[in-house]
Amino acid sequence: EDQDSFQAIAPDAEAEDVEEALQNAESEELAVSASELAVLERYLAEAVREDIFIPGLRDACNTNMSSFEHMLLALRRHHPDKDLSTLTLLAIFDTEDPSIINAIPRDTYLGRVNDRKRALDLPLTPITPKPSKSELAELRAAEDATRSAEAERLQALESRTFKEQNRLSSIRTLQKYQAEREANDGKVLTFQLHAGCPVAFPKQNWYLYLFRHLTAHNPGTTRQGPTPLSRKSVYFPSLTAC
């Protein structure tokens with residue numbers, strides 16, 4: 001739902017990729033188009049390593065309800081002249097119950113939404129099949145092989161630029177983290193701030209969540225100071241400072 005969610009899903013992602021994903025997919029002010037959201041969903045399904053997911057977080061961030069909300073935000077922004085009064089969950093599925101909406105198979109959900117969008121002459125959301133577990137395993141193996149080859153190439157250079165050294169360090173850090181996770185039966189490495197803390201922080205990139213957890217505020221920007229958290233997450237379950 002914010003940067004901590006994306007980093008928790010993909011702690012090895014490049015910072016600029018996370019920022020772009022946040023700007024394109026999670027900001028209420030900069031809502032994405034339906035096609036961009038589909039690309040993000042495919043990224044979550046294909047490109048993000050399954051072994052770095054915190055259990056349940058992907059599903060929590062990628063429900064039919066959240067998809068519908070983002071779609072409406074994008075349509076209102078990009079098609080302000082369109083009448084969207086009949087593009088509602090109640091009109092399409094005869095219910096607004098999140099438990100029912102989120103339980104609808106993704107292809108069925110997208111098919112019915114697209115039927116209504118087609119009737120309203122709106123751009124359709126692409127329906128892309130999710131890769132199988134074996135396909136995901138092949139993707140991960142290929143990514144690891146490519147990453148290892150790149151690290152060996154960089155290591156063999158007599159001299160490296162700052163960018164090359166930074167990339168090599170990033171790869172080595174990720175490989176070390178993956179080895180530690182494998183030694184931990186594939187579980188995310190976590191720690192607690194104190195005995196009574198209800199949150200288990202991931203050891204990788206923990207600093208991304210600490211400010212929010214301790215202050216119950218989002219970090220400020222050059223234009224605006226810290227603002228109170230508006231949504232709960234696994235790292236701020238009560239919206240109160242620790």
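## The main core

Let's start inside this predicted model. Its largest nonpolar core has 16 residues, and the ones that touch the most other members are Phe-68, Met-71, Leu-87, Phe-93, Tyr-109 and Val-113. Where do they come from? Helix 5 (64–78), helix 6 (89–93) and helix 8 (106–119) are the elements that give two or more residues to this core. Helix 5 supplies the largest share, with 5 residues.

Now zoom in on Tyr-109. Leaving out residues up to four places away in sequence, Tyr-109 touches Asn-64, Ser-67, Phe-68, Phe-93 and Ile-104. Apart from the core we began with, there is another core of 8 residues, including Cys-197, Val-199, Phe-201 and Leu-229.

## A pair of rings

You'll find 1 aromatic pair in the structure. Its partners are Phe-93 and Tyr-109, and they are stacked: the centres sit 5.8 Å apart, with 10 degrees between the planes. Since Phe-93 belongs to helix 6 and Tyr-109 to helix 8, the pair ties together parts that are 16 residues apart in sequence.

Are these two residues buried or exposed? Both Phe-93 and Tyr-109 are buried.

## An arginine tucked into a helix

Next, look at Arg-181, which is part of helix 10 (residues 162–183). Is Arg-181 buried or exposed? Its relative accessibility is 6%, so Arg-181 counts as buried, because the cut-off for buried is under 20%. The side chain of Arg-181 also reaches the backbone oxygen of Lys-187, at 3.3 Å.

Technical notes:
Residues numbered from 1 in each chain as written. Predicted model: local features only at pLDDT ≥ 70, side-chain atom pairs only at ≥ 80, totals over all residues. Heavy atoms only, no water. Helix = DSSP H or I, 4+ residues; strand = E, 2+ residues; numbered from the N terminus. Buried < 20%, exposed > 50% of the residue type's maximum accessible area, 1.4 Å probe, protein only. Polar contact = N/O pair within 3.5 Å; in protein donor to acceptor, adjacent residues only side chain to side chain. Core = buried A, V, L, I, M, F, W, Y, C linked by side-chain atoms within 4.5 Å. Contact = heavy atoms within 4.5 Å. Phe/Tyr/Trp six-rings, centres within 6.5 Å; stacked < 30°, edge-to-face > 60°.
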